[in-house]
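Work through the exercises below with the coordinates open. Try each task before you read its solution.

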Amino acid sequence: MMKKYYLSLGVLAALICCSLAFANSVSVKCTDSATEIVETAEIAESIPRSNGKILVTYFTSPETDGVDAVAGASRVIVNGDLYGNTEYIAKIISEATGGDMFAIKTVHVYPGTHKELIDAAKKEVESAARPQLATHITNLKDYDVIFVGFPNWWYDMPMPLYSFFEEYDFSGKTIVPFCTHGGSGFSQALKTIAGLEKDAKVVKGLPVSRNGVEDAKPRVLKWLQELGFVAAK
């Protein structure tokens, strides 16, 4: 079921008023106006037990302009394999929980060079764009718990995530966000998701710094144990 299409002007204004820096830039404090429309949104600390299936969704856009994976802002090499940062965290979650993986992909391809990528993301934020999605979940009813992963772009979810949340009705389901970032954590994303999905239970998620993605597995597994998905060893 399609959800409301337009991003609140209040959220857009707050995003634009933030200092124009990408997720791997220095942290700048935003005003509180972005929280006003979701100030009553509740973020849960735990997940209700369920026998339903788990879906691990993620959006990633690894840079391809020759920046080495160790220093790069959006990709990582683990055991000789190249992943987008968010993709790698999603893989850890999927393997640990037995959840199915689903890549959120757009019809248009984002630039592979860093500057062009952040410029494209900035334009999408300023225009409240809703990029057309190329992949779609056909059996959402089968899943009770939905992990949703994304990089922090311009102190927010990437705009394809707005397309994603507006395409599906997650009523009655549990949403567990996770993100990769350059110092800004989730910013306002948790409250934004809870505001967009008022009839779902949004659980406090896990932010992972881009500088710690390669070594993030123990931390991710500990988080999953705390949520009750992985048995303590």
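**Exercise 1. A salt bridge between sequence neighbours**

Is D142 buried, partly exposed or exposed?

Solution. The model is predicted, so every value here is computed from it. Step 1: take the relative accessible area of D142, which is 31%. Step 2: apply the cut-offs; buried is under 20% and exposed is over 50%. D142 is therefore partly exposed. Step 3: look for a partner. K141 makes a salt bridge with D142, and their closest N and O atoms are 3.3 Å apart. Step 4: classify the partner. K141 has a relative accessible area of 70%, so K141 is exposed.

**Exercise 2. Salt bridges along a helix**

Which side chain meets D119 in a salt bridge, and which meets E126?

Solution. Step 1: search the whole structure, which yields 7 salt bridges. Step 2: pick out D119. Its partner is K115, at 2.8 Å from N to O. Step 3: pick out E126. Its partner is K122, at 3.2 Å from N to O. Step 4: place the pairs. D119 and K115 sit in helix α3, 4 residues apart, about one turn of the helix. E126 and K122 are also in α3, again 4 residues apart. Step 5: recall the helix geometry. An α-helix has 3.6 residues a turn, so residues three or four places apart point the same way. Step 6: add the accessibilities. K115 is exposed at 53%, while D119 is partly exposed at 28%. E126 is partly exposed at 36%, and K122 is partly exposed at 23%.

**Exercise 3. Positive phi outside glycine**

Where does W154 lie, and what is its phi?

Solution. Step 1: locate the residue. W154 is in the loop between β6 (143-151) and α4 (159-167). Step 2: read the backbone. Phi of W154 is about 55 degrees, a positive value, although W154 is not a glycine. Step 3: compare with the usual case. Most residues other than glycine have a negative phi. Step 4: check Y155. Y155 lies in the loop between β6 and α4, and its phi is also positive, near 60 degrees. Step 5: test the accessibility. W154 is buried at 9%, and Y155 is buried at 6%.

**Exercise 4. The nonpolar cores**

How many residues does the largest nonpolar core have, and which elements give two or more residues to it?

Solution. Step 1: count the members. The largest nonpolar core has 36 residues. Step 2: find those with the most contacts inside it: F150, M157, L161, F164, F165 and F170. Step 3: map the core to elements. α3 (114-126), β6, α4, β7 (174-181) and α5 (189-196) each give two or more residues. Step 4: look for another core. A second, separate core has 25 residues, including I54, Y58, V145 and W223. Step 5: inspect α5. Of its 8 residues, 7 are buried. Among them are L190, I193 and L196.

**Exercise 5. A threonine and its contacts**

Is T86 buried or exposed?

Solution. Step 1: place the residue. T86 belongs to helix α2 (residues 85-97). Step 2: read its relative accessible area, 1%, so T86 is buried. Step 3: list the contacts, leaving aside neighbours within four places in sequence. T86 is in contact with Y58, F59, T60, G149, F150, P151, F178 and T180. Step 4: cross-check with the cores. F150 is among the residues with the most contacts inside the largest core, and Y58 belongs to the second core.

Notes:
Residues numbered from 1 in each chain as written. Predicted model: local features only at pLDDT ≥ 70, side-chain atom pairs only at ≥ 80, totals over all residues. Heavy atoms only, no water. Buried < 20%, exposed > 50% of the residue type's maximum accessible area, 1.4 Å probe, protein only. Core = buried A, V, L, I, M, F, W, Y, C linked by side-chain atoms within 4.5 Å. Salt bridge = Lys/Arg side-chain N within 4 Å of Asp/Glu carboxyl O. Contact = heavy atoms within 4.5 Å.
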